[in-house]
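Here's a quick walk through one model, with a look at a polar side chain, a helix and some aromatic rings. Have the coordinates open as you read.

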Amino acid sequence: MASFFSNSKKEERKVDYKLVIEKLETCINAQNDNVTIAEYLDAFKQIRLFFTLMGKIFDIVSSDINAKINILEEYMKSEEGKNYHDVRSMLEYESSNNLLKNSRKPSEIGRASCRERV
């Protein structure tokens, strides 16, 4: 586990690399060639922390990762949440509902495909 110190709060925050590997391994289902979104997001929360702790030069990266995590989490909490359990169900849902062809920015529309936002 690596440690970094925040300049603003002087508190120790740690990136758990073992957790990243564990969550990425857990999220992959080799039997049906699929990825579980919740486990994937857990890994990326640690990756976001890594970029955050790297300093201001990586703010845009951590901010982008954070935005993508928030979008997927909101979808998972929504009425259509059952369609965002794994990548296959997400793509099938978005494809069958014509959500993959919208070219507008996610911030301009109420309901876009996750692939547009990621």
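Which residues does Asn34 touch, not counting residues up to four places away in sequence? They are Cys27, Ile28, Asn29, Asp86, Val87 and Arg88, where a contact means heavy atoms within 4.5 Å.

Before going on, some housekeeping: this is a predicted model, so local features need pLDDT of at least 70 and side-chain atom pairs count only at pLDDT 80 or more, while totals for chains, interfaces and linings use all residues. Residues are numbered from 1 along each chain as its sequence is written, and side-chain values use heavy atoms, with hydrogens and water left out.

**Asn34**

Asn34 sits in strand β4 (residues 34–35); helices (H or I, at least four residues) and strands (E, at least two) are DSSP runs, numbered from the N terminus. Asn34 has a relative accessible area of 7%, so it is buried (buried is under 20% relative accessible area, exposed over 50%, partly exposed in between, with a 1.4 Å probe and protein chains only). A polar atom of the Asn34 side chain lies 3.4 Å from the backbone nitrogen of Val87.

**Helix α2**

The 17 residues of α2 should span 24 Å at 1.5 Å a residue, and the end C-alpha atoms are indeed 24 Å apart; the expected span is 1.5 Å times one less than the number of residues. Buried residues in α2 are Ile37, Leu41, Ala43, Gln46, Leu49 and Leu53. After α2 comes Gly55, with a positive phi near 110°.

**Aromatic rings**

Rings of Phe, Tyr and Trp (its six-membered ring) pair if their centres lie within 6.5 Å; planes under 30 degrees apart count as stacked, over 60 as edge-to-face and the rest as tilted. By this rule there are 6 aromatic pairs, including these two:

| Pair | Centre distance | Plane angle | Class |
|---|---|---|---|
| Tyr17 and Phe50 | 6.3 Å | 65° | edge-to-face |
| Tyr75 and Tyr84 | 4.9 Å | 40° | tilted |

Why does the pair of Tyr17 and Phe50 tie together parts that are 33 residues apart in sequence? Because Tyr17 lies in helix α1 (residues 17–27) and Phe50 in helix α2 (residues 37–53). Tyr17 is partly exposed, at 34% relative accessible area, and Phe50 is partly exposed too, at 24%. Tyr17 and Phe50 also belong to one aromatic cluster with Phe51 and Phe58.

As for the tilted pair, Tyr75 is buried at 4% relative accessibility, and Tyr84 is buried with a relative accessible area of 1%.

Note on methods. Polar contact = N/O pair within 3.5 Å; in protein donor to acceptor, adjacent residues only side chain to side chain.
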